[in-house]
Amino acid sequence: MKNNIIWTTYDNSLRLTTKNLVKGFKFKNEKLIYRDQNELRLWKPYRSKLAAGIINGLEIIPLSEDSRILYFGIKNGITLNHMSDIVGQNGKIFAISEQIDYSLKNLSKIKENIILLEQDKSKNFERLITEKVDLLFVDLPETNFSEIIINFKKFLHDSGFLIFIFRTKDARVKNKNSENKLDLFDELNSNFQIIQIINLTDFFKEFSMVLAKNKN
């Protein structure tokens with residue numbers, strides 16, 4: 001076990017799981033398994049880019065019990081749910097989404113360490129995000145998210161980390177007239193130390209992940 005992340009054998013293979021924060025709670029029919037009196041939530045890498053990154057060799061997993069996280073770009077809530085398990089009761093996740101549906105609202109009621117913020121209605125994030133975070137996690141490959149990363153760096157601890165997802169093909173072309181990830185890397189280098197770039201093609205064909213650390 002590390003940071004409430006557990007590798008366990010299931011169906012004759014080694015599988016990634018998180019220790020269920022709320023025993024008996026299942027989100028979107030996720031599989032629960034039991035090992036050594038622990039209730040574990042099976043973390044499927046083809047449903048979560050963070051799980052895919054861990055399985056593909058993420059060198060540093062920059063979240064643990066008691067961590068504070070700022071998460072942009074919630075999709076199906078799967079990653080958010082597992083993050084909630086990892087940070088535990090004393091952790092906190094500020095989860096920002098353009099659209100908050102019933103399943104996310106229900107998840108935040110059951111998992112009290114999740115604070116949902118709707119992007120188009122919550123303009124004053126300084127009032128809503130009440131403390132520094134240990135990890136800025138950004139999964140917004142369809143939008144111009146370089147501005148989000150730079151602007152929200154102010155909420156990140158001096159020693160905090162950034163994980164962001166981008167479309168792999170965007171890193172191969174440099175066009176000064178459009179947003180692209182090579183330009184983004186150039187901008188990030190002045191604000192972050194890039195530690196690792198991971199191709200997620202085994203589980204998310206079009207996507208890659210960057211791990212970086214805040215520069216003081």
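Which residue forms a salt bridge with lysine 92, and how far apart are the closest N and O atoms? Select lysine 92 and glutamate 131 in this predicted model, and you will find the two joined in a salt bridge whose closest N and O atoms are 2.8 Å apart. The pair links distant parts of the chain, since glutamate 131 belongs to the loop between α4 (125-128) and β8, whereas lysine 92 belongs to strand β6, 39 residues apart. Glutamate 131 counts as partly exposed at 25% relative accessibility, and lysine 92 is likewise partly exposed, at 22%.

**The sheet**

From lysine 92, extend the selection to the sheet, in which seven strands run in the order β7-β6-β5-β8-β9-β11-β10, forming an open sheet with mixed pairing. At its edges look for β7 (114-118) and β10 (192-199), each of which pairs on one side only. As you step across the sheet, the twist averages 15 degrees from one strand to the next. Next show helix α2 (residues 78-87), which packs on the sheet and touches β5, β6 (92-97), β7 and β8 (133-138), its direction making about 165 degrees with that of β6.

Then colour β9 together with strand β11 (residues 207-214), which pair in the antiparallel sense over seven bridges. Within this region, phenylalanine 164 can be picked out opposite valine 210 in β11.

**Two further salt bridges**

Staying with β9, select arginine 167 and glutamate 206, whose side chains meet in a salt bridge at 2.3 Å, N to O. Arginine 167 lies in strand β9 and glutamate 206 in the loop between β10 and β11, so this contact ties together parts that are 39 residues apart in sequence. Arginine 167 is buried, with a relative accessible area of 18%, while glutamate 206 counts as partly exposed at 43%.

Move now to lysine 75 and aspartate 139, which form a salt bridge with their closest N and O atoms 3.8 Å apart. Because lysine 75 sits in the loop between β5 and α2 and aspartate 139 in the loop between β8 and α5, the pair ties together parts that are 64 residues apart in sequence. Here too the partners differ in exposure, for lysine 75 is partly exposed at 40% relative accessibility, whereas aspartate 139 is buried at 3%. A search of the whole structure finds eight salt bridges.

**The aromatic residues**

Where do the aromatic side chains come together in one cluster? Select Phe72, Phe125, Phe152 and Phe155, which form one aromatic cluster. The structure holds six aromatic pairs, and among them is the edge-to-face pair of phenylalanine 72 and phenylalanine 152, at 4.8 Å centre to centre with 75 degrees between the planes. Phenylalanine 72 lies in strand β5 (residues 68-72) and phenylalanine 152 in the loop between α5 (146-151) and β9 (156-167), so their pairing ties together parts that are 80 residues apart in sequence. Both of these residues are buried. Turning to phenylalanine 155, which is also buried, you will see its ring centre 5.5 Å from that of phenylalanine 152, with the planes at 35 degrees, so this pair is tilted.

**A lysine over two rings**

Finish at lysine 49, whose charged end sits over the ring of phenylalanine 204, 4.9 Å from its centre. Add phenylalanine 207 to the selection, and lysine 49 will be found over the face of that ring as well, at 4.8 Å from the ring centre.

Notes. Residues are numbered from 1 along each chain as its sequence is written. This is a predicted model: local features need pLDDT of at least 70, side-chain atom pairs count only at pLDDT 80 or more; totals for chains, interfaces and linings use all residues. Side-chain values use heavy atoms; hydrogens and water are left out. Rings of Phe, Tyr and Trp (its six-membered ring) pair if their centres lie within 6.5 Å; planes under 30 degrees apart count as stacked, over 60 as edge-to-face and the rest as tilted. Helices (H or I, at least four residues) and strands (E, at least two) are DSSP runs, numbered from the N terminus. Buried means under 20% relative accessible area, exposed over 50%, partly exposed in between (1.4 Å probe, protein chains only). A charge sits over a ring if NZ of Lys or CZ of Arg is within 6 Å of the ring centre and within 35 degrees of the ring normal. Two strands pair if DSSP finds at least two bridges between them. Axes are lines fitted to C-alpha atoms, for helices over the stretch in contact, and angles run from 0 to 180 degrees between N-to-C directions. Contact means heavy atoms within 4.5 Å. A salt bridge is a side-chain nitrogen of Lys or Arg within 4 Å of a carboxyl oxygen of Asp or Glu.
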